[in-house]
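Trainee: Could you pick one part of this model, take a close look at it with me, and then work outwards from there?

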Amino acid sequence: MFVAGRKRKQAAEPNQASTSHSTLSTSAPLAEVHRWYVLGRENFRERQYRNALDYHNRAVALAGNEGIRDAKLYEARAHTLYKLREFTRALSDAKEAIRINIRSSAGYICMASILDDSGRPKEALDVVERGLSQVDSSAPDYKYLQLLYSSLSLRLDPTYELEFKSDFDPIRRLPTDLVVMIMRLLDTRTLYICRSVSTRWLHLIDNMPVIWSKPCYLVESPARTLARQLPGYSKVQKRMQQRAYRAPPDAVVQRVFEKSQGSLVVATVPDGLVVSAKVLKALLACRRPNLAQIAFGRASALKSESIYRILSWCLPAMVTDIRLPYCVRVGDEEIKVIAKLGHKLRALDISGCIRVSMKRLFVAWKSVLVGVDASTGIEELIINDHPGIAELLIYSSKLRHFAKLRVLHAAIRDQAVFAMVKNLGPLLGYFRQMQITQAPFPDLRELNIDGLWDTTLSAHRFESTRLSTLLGACRLFSCNLRRFSALDSSAASHDQMRSFFSQNLSSLQQLHLTRATALDAQVLTVGPMPVSLLLVSLDLSGCVGVTPQALLALVSC
């Protein structure tokens, strides 16, 4: 039954296909030719050009054996060969199609396209002129022939070429100020591509140091980033990973520093880049009146003396942002140089800089500041994965060095950090004797303490299990926080949760609190619910004590 059904289906296919293509005859000897022709067209639409060429070859060969001469067979094969860039064979088939049917518009179009791509535009224009004189004006491809004729005529006109270049060059048409603003948004790799567009682009980019003032290095290509967002396209993702754009070599960074000259605003060292002596020399040779940010990539291979020279070079400039994440060679000497910036500094990132002592940090700033209650101008402090987090909280409760902080990130994500803390017991005893009257960071608006309340790391915790108590005792939460993150908060107590929500629920815009077993419906309803909440991001994963009714009451405010 299956064989018979398949035979009936194969016998019905040519008849169904012949109804949609009336140009080929539908008699029995021509059914096989028509079937190969239809299969070739289908593969052509699916861009399977090799398979389409195979079917068209079979159709042409079978038609030749039967004595059939149909122009559409040669037109279809000519288009397929053109897509495969086999211009000689495609041109022969296009001529044969025109020879069979002198009114074949597809033959003229294919022949003109082949000649144009072969660098023979004048011959292509002659073919189009001949096609316009032979093809009927009511034919469906007649308008396309007219457009092709206009395009070829304009391209062959010498006066139009000059007008075309001057009119369509954005560098020439747009104001220079606008072009510079656009170029400043590009990353370094794209700037190098733009330099190769034309001589005018090259001169503009090289002679505008402002364009190189904020170098941005793409670690990977945008195509690979897109492939990561589409995990279903595994083949595309694998192909993009093989073609991934690596970090630029030091020669590119050296060239960027040289071209920026006195317009350098951000001095960036890409991730994992080994800074050579030439790169360092090019950076230190730059004038620095506009320098505002020094950013070292994560795990940058920099020596301590190189970091010291770069930081000392920054002193005369108006540097407000210094980021040294996971630069393990940064120590107390570099912190002394940073402290000399005084009130100019606004952001400091020393995450993972385990050689930096918090006691030396406060001593360095105390030597610069005047008075006990004097504070720095730092508004953003990031000390993730640093063993001195507890010391920072204790010292800040007495000294006012960081009273202007608005952003504090003190997350612990590396378990090895807990084993580096020493002598915390005497510090906690000293903290109990202090009389705390005010919060250490009264203007704090963003707080990240991921991992500080994680009970799974209690065996590796600082020397004491009272760190969670310290977070509440130092009045860290007595402020109107806007953004709060405390992932893995299974060690947080019920009283701490109650105190936090009673003071900050009405002002929170982002709340990420996961695995907090002490969080329940009573904590969320500890006080009168605000009329309207400002929350735009909420994550309570693992908070099993929160009932659906309490969550519904929270999000419906």
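**Strand by strand through the sheet**

Mentor: Let's start with one bridge: Arg-483 has Gln-510 as its bridge partner in β9. Before going on, keep in mind that this is a predicted model, where local features need pLDDT of at least 70, side-chain atom pairs count only at pLDDT 80 or more, and totals for chains, interfaces and linings use all residues. Numbering runs from 1 along each chain as its sequence is written, and side-chain values use heavy atoms, with hydrogens and water left out.

Back to our bridge. β8 and β9 run parallel and are joined by four bridges; strands here are DSSP E runs of at least two residues, helices are H or I runs of at least four, and both are numbered from the N terminus. Two strands count as paired if DSSP finds at least two bridges between them. From β9 (residues 510-513) you can step on to β10, again in the parallel sense, over three bridges. There, His-512 sits opposite Asp-539 of β10. Going the other way from β8 (residues 483-486), three bridges tie it to β7 (residues 446-448), also running parallel, and Asn-448 faces Ser-485 in β8.

Zoom out and you get an open sheet of 10 strands, paired in parallel, in the order β1-β2-β3-β4-β5-β6-β7-β8-β9-β10. Its edges are β1 (266-269) and β10 (537-539), each of which pairs on one side only. From one strand to the next the twist averages 5°, with angles run from 0 to 180 degrees between N-to-C directions, and axes being lines fitted to C-alpha atoms, for helices over the stretch in contact.

At the β1 edge, four bridges link β1 in parallel to β2 (residues 293-296), with Val-269 opposite Phe-296 of β2. β2 then runs parallel to β3 (residues 321-323), joined by three bridges; Ala-295 stands opposite Arg-323 in β3.

Now for some helix packing elsewhere in the chain. Helix α7 (residues 121-134) and helix α8 (residues 142-156) have axes that come within 9 Å and cross at roughly 150°. The contact (heavy atoms within 4.5 Å) includes Leu-125, Val-128 and Leu-132 of α7, and Leu-145, Tyr-149 and Leu-152 of α8. Its residues divide into 11 nonpolar, three polar and two charged, where Ala, Val, Leu, Ile, Met, Phe, Trp, Tyr, Cys and Pro count as nonpolar, Asp, Glu, Lys and Arg as charged, and the others, Gly among them, as polar.

Last stop, the rings. Phe-362, Trp-365, Tyr-395 and Phe-402 form one aromatic cluster; rings of Phe, Tyr and Trp (its six-membered ring) pair if their centres lie within 6.5 Å, with planes under 30 degrees apart called stacked, over 60 edge-to-face and the rest tilted. The count of aromatic pairs comes to nine. You'll also find Arg-35 over the face of Trp-36, at 4.6 Å from the ring centre, and Arg-85 over the face of Tyr-82, at 5.9 Å; the rule wants NZ of Lys or CZ of Arg within 6 Å of the ring centre and within 35 degrees of the ring normal.
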